Structures are given as C-alpha cells and as structure tokens.
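Here are some short exercises to work through with the model open beside you. Try each task before you read its solution.

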Amino acid sequence: MSKKINNLKWESVAFDGFPTSMMDKGFVALEECTDYGLDKNSRRSKKAKKPEKRKNIENINPQMVKSEVPQKKIKLSNGFTVEACKNITPSTTNDAKDKKKKQNRKEKKNKIKQVNQNATDVTTNSKATVKKNRKPKLGENASGETSDLTPVDMLSWAEFKLPEEILKALMELGFKQPTKIQQLSLPAAIHGRRDILGAAETGSGKTLAFGLPILSGIMKLKEKAALKGLDVYDIPYRKSSVKKKSEEIISKDKKNNKNKKFRKDQRQIRNKKEVNKESSEDGYISGDDDEDEQISSKEIRTKGKNDEDDFIEEIVVPIKKKEESIDEGNDSDEQNYIHLSDMFDSDDLRSSDEDSNDAGEDDDDDDGDETYGVDEVDTNEEGMGCVKVIDNIDLPGHVTVKTGKPLYCLILTPTRELALQISRHLIAAAKYTGIKVATIVGGMAAVKQERVLRSGPEVVVATPGRLWELLSQGQPHLQQLPSVKFLAIDETDRMIERGHFDELQPLLERLNSDEGHKNARQNFVFSATLTLVHDLPAHMKGKKVTKRGKILNRKVEKMTPQQKIKRLINMIGMTDPKVVDITTQLGTAETLTESRIACSLDQKDVYLYYILKRHPGRTIVFCNSIGSVRRLAQLLSLLKCQPLPLHASMPQRQRLKNLERFRDDPLGVLVATDVAARGLDIPNVDHVIHYQVPKTAENYVHRSGRTARATKEGLTILMMEPAEAYSYAKLCRTLNKTSEIPAFPVSAQDAAPAQQLLAAARALEALQLRARRLRAAAAWRTRAARDLDLLLDDDDVPDVQVDPSIDKALRFKKRQLESMLSRPLFPTGFSFKYPTLNDPNALQVTSNENALQVMKNALESGKLKRDKRKGKNESLLKLGKAFKKTVKI
Ligand SMILES: Nc1ncnc2c1ncn2[C@@H]1O[C@H](COP(=O)(O)OP(=O)(O)OP(=O)(O)O)[C@@H](O)[C@H]1O
C-alpha cells in the first residue's frame, strides 16, 4: 500500500480559490494536514501508532509546512478561513470537543460511581449518611433514623430463634418486639413450617409475618446445604403436615415388615445424627400441628432430630454437579441486594413508562366518562435487548430445572407499588443475610428485569402479569418456580377474585405442577379481609326473568367465610394451614376513627375543599374511577391544592414519583383510585377521604387502612350522596356495623365560604374543557385531511384557533378565581359553629384543632349521637331525611 502511494505523483497545491476548482488537476479531496505515516514502508502495530504519530508531527520540517500551508490567515472565496499552525495534530476542533466531552462524561461517571460506592459503604454503618446522598425510595425508611436499640432490647424476639443477621436488621429498624400477627404466626411458621393463613388489621405488620419465616428459612436451607455439602435443591425440607403423613406410612411399614433393615437404618441414622448434630438444631424441622406455640425449645430440638432422621433415611442424595448449572448471569455475587431504586433511577423507565399495560396488575375500573388520556403501550419493548423468546413453552411438571442459583421464594402481589414496597421491606430485613430480592413488575423494561433474574435472586416479588410473561418466554431462573420452597400471596382475597388476574390461574398450575414440590412448599396467605365476605352484586341475586318471561330463581349464593378460606386453600394447594385471624373490627385498625359526610353530589366538592383547607394534613382522597380522579385532580389544582393523582393509566414513573412526593409532603393530597388502596405503607397519613362510597366493603377496609397504621391514629371520612345510600347500607351490613358511621361535625354553613370558590373553579374548568375539545376537534380535522391526502383551500383549512370569545372568557375566569383564592377562605374571627343534625349549636371548633381531634371531641362530648342501625330500610329512610336537610346550603 505504502509503496503504491510512494509511486504516486504528489504535488502541493496552493490554497487559492475553492479546492474543487482544482478537479481538473486530479484533485480528489482535502484531508487534514496530518502525517499518517504513509511514507513508511514498515508496518506499525496499533499500539505503537499513537506516540509515533505525535513524533512524526513534531518532526515535520517547518520549511515543508511553510511551502504547503499558508503562513497566515487566508480567506477563501467561499468564506472559509485557512490558518497556518505549527503543531498540527490529527484532531482539530471537533475531535477535541468530542474528546473533552468524553473525558467529562468519564469524570462524571466516576464521580457518580464514587458517590454510589460511598453510599453502599455507608449503608452498613449509618443510614443517616445515606440519606444525604440519595432520597429514600418508596418503602424505604424515609426518616433515615436508626434506632438506638441494643441487643438486650430485642429479647422479645428470642423465642423465634431468628438468625442473628435478621435480628440485627430488626434492631436497626427499631422493631423492638413483634406485632401481634407476627407473634402468633412466627412460631408455627418457623418451627412448625406450617402454611399460614393470616388475617390481621391493616398496618399490623403482616409483611414481616411472612417475610421473617421466609428469610430465616432460606438462611437455614443454605446453611444446611453448606454443612452437608449438598446442593440446596436436594435438601429435605418438609412441612410438618407432610411429615406426619410420611410418619404414618413409615409406622405402617414398621408394623407390616418388622424388618431388620429398619433397625439397621436406624443405626445408620444414629451415626449420621452424631455427624449432623448441629444441623438438626436448626429449629425448622419440627412442629406439632396444633401446639406449635407451646412446644418448648427443648422439645423442638428432640422432635427435630427424630423428624430429620426420617428424611435422611428417605433421601437419595445426588452429588452436586457444577456443570449442571445453566447460569447465564454475569452479575457478580458481591452484590447482595438488587436495589429496586437502581432499576428506577435509570432510563429504562423512560422506555417502559409507556408500558402500563401489565395485564396482571390490579387495574382501576374506569367508568369511561372521559375520552382523553389513552393507555399507553410500549411498542418498542418487545424485541429489545437479547431476549430469547420461546413460545408456548411446555415444560413437563415433574422436570426440576436447576440453574445453580436456586429460586427459593415467590411473593405475589396485586399492584406494582405494593411489590416494590414489599421488596424494600424484605431488603431492609435481609440487609445482613446476603439474600437477594428482585422485583418483577410491569411498567418497567423487561430486559433489565431479565438481567436481574440472571443474577439468581433467592426471592422474587412480582405482579402476576409480568411474571407470567417472562416465565412463558422461558426465562431460566423462573423455570425453577415449581420447586420454590416458599410461596406468599399478599392481599390474597383480591388476587384470587375472578377476572382480575388472568395469569394467576396458570401461574398456580405451574407452581403446583409437581406434587412433591407442592407438598414441600410452605405457603403464606395474608390479607386484612381474608374472612370478609361481601354481598353479591344485585344482578346476581334474587329472581331472574328470562327473555321469554320465565322466572328463574338464581342459584348463586353468597359464600361463607369458611367457604372462602376453603377455596383459597384449594386454589393455592395449601396443606393443613394454621389460620391466624386476629381481626377484631373486620379488618380496620382499632386506632382508626371513622366518620361520614352526607351531602348532595354537587356539594361533595365543596365539603372536600373545606376539609382540605380547614384541616390540612397528609390526605388521600379515594375515587371509584380513573375519570373521577382526573376530574378531581384538575379541579383541585385550579384551587391550588396541588393534588397528586394516582391511577393505573398513568406511566409507572409518574405513579412512583407522585407517591414519593406525597410521602415527603406533610400536607400532600393524593387523589387515587383503588390501585392505592391495598398495602401501601406511607407513614403518617392523617386522613383518608372516600370521595365515593367504595364498591365493596373490602375496599373500604383497605382504603381506610392507609391511615392509622402501626398503632398510630387516623381519621377516615366517607362522603356519600343520596344515590349511594344503598351501597352505604350494604357496606355497613357487610362490616357488621350496629350503628351508623358517625357524622363528621361540619355544617353547610361552615362550608359556605368554599361554595363560591368552587363555583368559579368549576366554571373555569368547564371553559377549559370546551376550549380543549374545540382544539382537539380542529386538530383532528386537519390530520384527517392530511391522512386522506386532500388538498385544502385556505378557506377549508380549519381554524385551530379557538373562538376568541372563549379565550377571553378563560382569561377573565382565571383572573377572577385567582383574586378569590388570594383572599383567606376563613377570615379571622370566622366562627366555626356547626349545627349537627341533633343540636344545631352543639360544637365550637377552635382554629388549631385537627380533623381527628375535632371528630374525637365531637364523639366524646356525646353530642354526636351514634345512631343505631336496625334494619336496611330504616337506615335508608333515615338517610333520606338527612339528605333533605343537608342538600340545600
Ligand atoms: N415488629 C414491628 N415493630 C414495629 N413496626 C413494625 C413491625 N413490623 C412491621 N412494622 C411496621 O409496621 C408498618 C405496617 O406494616 P405492613 O406494611 O407489613 O402492614 P400490613 O399489615 O401488611 O398492612 P396492610 O394490610 O395495609 O397491607 C410498616 O411501616 C412496618 O415497617
């Protein structure tokens, strides 16, 4: 090549005029004046290239340069300027910029890395420092405070024999003692390895009631495997109920055979027992079915030994084969926790935000009263990365997939936010255990979740839709699902509701595909409303008249709580579960104060605004539909209440952002559908307002449970209009309420100042909507014409400008509302006298009282009579009368 070039005739050209004018001279191109070493015959290695280049540049004869490159600035005819320079380097301006940019990026990356590294290092020592570095995510300790508990304070946990690592984390979290549900379920779950069916009020610590046995179980399994030098897959780990069965079989064998072999085996076992003395004391082997709690630790130990003996006898232990592993994970083992925040910080959410179409996630019921705001679906997500798609994967149930990194536990939840929260709670408790927890939910890039799964997390917390999607695509780690040792289904009653989670049934089928694994698996089923059974919807009750006029008696009957539980047990494949039901008030917390406001539909907004302004505090307003959330959020933002909407049609990133903003603002207002009703653990929510009577009693319990959590107090206000009287009566009946929910002490008079404001805001909102619709219609016409390739005359071009009179009216209404909002709603000296239904001058509120205090005062003063509920008709009758009084302000 270089010889060829040497043989070419080279000649220097003067930079006079535009170089292309020299085409006739054979001019090909103008290259940077750089020495590429073309004159060298010898080949150079790539490595040696760079320094040589520089050397060559330095060695350029200045005289030569002079002859070829003009000495000073010359302006070319086309406006370019050519300038002589001594040190010509290959990279001129653009390259230098790129390099600088690259350098900056590198430095920035290093800095971020450094900060993250610092954060990780510090996590183990002090949470407070971490807080400085990054904002806590949903479900993490937002206060950042570490408790000052000492190991001595943790004695109440002693009886559960939790591993030290878990106890240390609990101590840091400040959990001095177990909550009631934990106290009652942990012994049976840890020592007895029983399946647990747990029902306890909202905010009572149910997550750790199943989380702690799972974490300690995983640790013990790993420990045992390490001790015995076995593959974890082959560790006998059975439930007491199953053990009982095998004991029976063995005793039958004993009777029938009376064989010597058994005695010989026993001798062998005794010998093994000596060797494995330590492992038999792990506390998770024993458990008498009904007396788990009473068994002393000594008994447990003895029993454990015997039971384990049986297992050792039965098991044929294959040696662990390394080459069996199909581990594709590149992630290092040093990473103990898969921090969910990592997933959400990155731009994968950007791509996945549009993917709000996780079929397996709890969706809102949209009444469709608004046409705008379509569900966004990520069309790009499919085929991203290197996902191997295997359609219709058909793995026979009995095949146990082993990847070398066992999947121990699956936790299923109805919503993404709840999955994230549970993960974070578990990560906090598993901080020192080395157990990895991954979250698999819709709304974020599946590719990243696959990468996380490849690292082999022991625990997977998931919503059914995305889990099923990845499972059916053949994701290797998830193929181990049938052999998980632990299965927890949070909010189970919701999960198994017909039609809500199409993927749950096939998931359960896959989980239960192997009878042996199914029987060995420990199951946890928890909810605050596990035993609550609501009335059948009206269309399913009573007589049905057919098209031909025939009257049929419907055979559908309301389930009893027992039937509901039985169905759960069968569906999930539980064996002899221990039922722990400590709900005293059908799921609502004892620290919850309930109230209601009966008003007309029109007045709901007025009262809502009144409550928000008069009693500010962290408040969740629940609506029955996405449309209502959108409308209310719009109205409240016009009224400068800064509402944070939350519903299933929102991009996932926005959902999480709004939840985090709400958590961080002590006066935050979250307007949400029932997607936020279950499980969300946001500390210090002061009020929960049911803007509409919830569709089921379960929803009422769960919505209300967002306040009054973990022994804290809270207030709930149910807003009801006459059309909702029937739903209200049904709700009271299902919740076994013997008296009406007491009225919140507010009168039409009190709320009167808000009336005018609301009218102005509504008028503005209506105008805005009209303008929006006009614009949308105009834009649609133009688009349609363009799509049809129609040539439009100027006269035909629709005027995208809205009618100027609307714009003018809009501006006027805005100014009017702003001026009204600038005046105090409750001027000083405003008397908060509110006549109650029973006594018009009953109570006087001072301006400093919070809503809960107002309600409590009203209840304690005895002025608010607790009306007894006697029957369905009577309550409706009463309500009707009440409405007549309150409808007009
Ligand atoms: N032993 C404990 N001591 C103190 N606080 C605890 C303890 N266990 C859990 N908590 C805290 O109690 C709060 C509620 O717990 P969790 O979210 O598990 O409630 P839950 O019963 O699942 O509620 P819900 O029914 O609404 O889902 C959490 O903030 C959790 O950190």
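Let's start with a term: a residue is buried if 20 or more other C-beta atoms lie within 10 Å of its own, exposed if 12 or fewer, and partly exposed in between, with C-beta atoms placed from the backbone. Helices (H or I, at least four residues) and strands (E, at least two) are DSSP runs, numbered from the N terminus. Residues are numbered from 1 along each chain as its sequence is written. The model is predicted, with local features needing pLDDT of at least 70 and side-chain atom pairs counting only at pLDDT 80 or more, while totals for chains, interfaces and linings use all residues.

**Exercise 1. Work out which residues lie on each face of S17, and how the strand is paired.**

Step 1: Find strand S17 at residues 714-720, where 7 of the 7 residues are buried, so the strand is largely enclosed by the rest of the structure.

Step 2: Split the strand by face. One side carries Gly 714, Thr 716, Leu 718 and Met 720, the other Leu 715, Ile 717 and Met 719, and all of these are buried.

Step 3: Look for its partners, remembering that two strands pair if DSSP finds at least two bridges between them. Strand S12 (residues 592-598) runs parallel to S17 and is joined to it by 7 bridges; Arg 596 has Leu 718 as its bridge partner. Strand S16 (residues 687-690) is also parallel to S17, with 4 bridges, and here Ile 689 is matched with Ile 717.

**Exercise 2. Trace the open sheet and place two helices on it.**

Step 1: Write down the strand order: S5-S6-S4-S7-S8-S3-S11, which is 7 strands with parallel pairing. S5 and S11 (578-581) are the edge strands with a single partner each, so one side of each has no neighbour in the sheet. From one strand to the next the twist averages 15°.

Step 2: Check one pair. S4 (residues 409-412) and S6 (residues 459-462) share 4 bridges in the parallel sense, and Leu 412 has Ala 462 as its bridge partner in S6.

Step 3: Add the helices. Angles run from 0 to 180 degrees between N-to-C directions, and axes are lines fitted to C-alpha atoms, for helices over the stretch in contact; contact means C-beta atoms, placed from the backbone, within 7 Å. H7 (residues 180-191) lies across S3 (196-199) and S11, at about 180° to S3. H8 lies across S3, S4, S6, S7 (486-490) and S8 (522-527), at about 165° to S8.

**Exercise 3. Describe the shell around the ligand.**

Step 1: Count the residues that are near, meaning that the C-beta atom, placed from the backbone, lies within 6 Å of the molecule. There are 18, and the closest are Phe 175, Gly 205, Lys 206, Thr 207 and Ala 710.

Step 2: Ask which element gives the largest share: helix H8 (residues 206-228), with 3 residues.

**Exercise 4. Find the buried residues of H15 and what covers them.**

Step 1: In helix H15 (residues 446-454), the buried residues are Ala 446, Gln 449, Glu 450, Arg 451, Val 452 and Leu 453.

Step 2: Their cover includes strand S5 (437-440) and helix H16 (464-472).

Step 3: Move past the helix to Gly 456, which follows H15 and has a positive phi, near 75°.

Definitions and conventions:
Contact = placed C-beta atoms within 7 Å.
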